[in-house]
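User: Please take a close look at one part of this model, the open sheet, and set it in the context of the chain around it.

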Amino acid sequence: MLVTQLEAKKNGFADVVYLDAKTDTYLEEVSSCNVFVVKGKLIRTPPLGGTILPGVTRRSIIELARSRGYDVREEPVSVHDAMQVC
């Protein structure tokens with residue numbers, strides 16, 4: 001993990017996004033935090049379990065977003081879906 005981050009920084013990138021180990025298709029997390037994909041009033045984030053750990057910040061973001069009228073879905077998010085423009 002650290003090797004990947006160091007390589008990315010050496011090549012001018014600020015951070016890395018990790019994908020699922022099984023298919024390299026779905027977003028898992030950014031090196032230091034959870035990932036959220038926001039498109040309009042819809043927010044998608046990978047579900048808990050496996051490599052996604054529960055955390056106070058993640059839970060707080062989800063609760064705040066829902067309280068402000070966002071539709072928050074905890075579901076797999078493919079790289080393709082995340083990169084699509086609204």
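Analyst: The sheet is described here, followed by the chain as a whole and one loop residue. The model is a predicted one.

The open sheet consists of three strands in the order E3-E4-E5, and their pairing is mixed. At its edges stand strand E3, residues 37–39, and strand E5, residues 71–74. Each of these has a single partner strand, so one side of E3 and one side of E5 are left without a neighbour in the sheet. On average, neighbouring strands of this sheet are turned by 15° against each other, with direction ignored.

In general, the strands of a sheet pair through backbone hydrogen bonds, and the pairing is either parallel or antiparallel. E3 and strand E4, which covers residues 42–45, run antiparallel and are joined by three bridges. Lys-39 has Leu-42 in E4 as its bridge partner. Helix H2, made up of residues 56–67, packs on the sheet and touches both E4 and E5. The direction of H2 makes about 145° with that of E5.

Now the surroundings. The protein chain contains three helices and five strands, and along the sequence they follow the pattern α-β-β-β-β-α-β-α. The C-alpha trace spans about 40 × 30 × 25 Å along its principal axes. Counting contacts in the protein chain between residues at least 6 apart in sequence, 45% join residues at least 24 apart.

As for the surface, 24% of the 86 residues of the protein chain count as buried. The protein chain exposes about 6000 Å², and carbon and sulfur atoms supply 59% of that area. There are 11 positive and 11 negative charges in the protein chain, and the mean positions of the two sets are 6 Å apart.

One residue in another part of the chain deserves a note on its backbone. Asp-24 is found in the loop between strand E1, residues 17–19, and strand E2, residues 27–30. Most residues other than glycine have a negative phi. The phi of Asp-24, however, is near 55°, a positive value in a residue other than glycine. Is this loop residue buried or exposed? Asp-24 has 53% relative accessibility and the cut-off for exposed is over 50%, so Asp-24 counts as exposed.

Definitions and conventions:
Residues numbered from 1 in each chain as written. Predicted model: local features only at pLDDT ≥ 70, side-chain atom pairs only at ≥ 80, totals over all residues. Heavy atoms only, no water. Pairing = 2+ DSSP bridges. Helix = DSSP H or I, 4+ residues; strand = E, 2+ residues; numbered from the N terminus. Axes fitted to C-alpha atoms, helices over the stretch in contact; angles between N-to-C directions. Contact = heavy atoms within 4.5 Å. Buried < 20%, exposed > 50% of the residue type's maximum accessible area, 1.4 Å probe, protein only. Areas by Shrake-Rupley, 256 points an atom, 1.4 Å probe, with all protein chains shown as cover. Lys, Arg positive; Asp, Glu negative; His and termini not counted. Charge placed at Lys NZ, Arg CZ, Asp CG, Glu CD.
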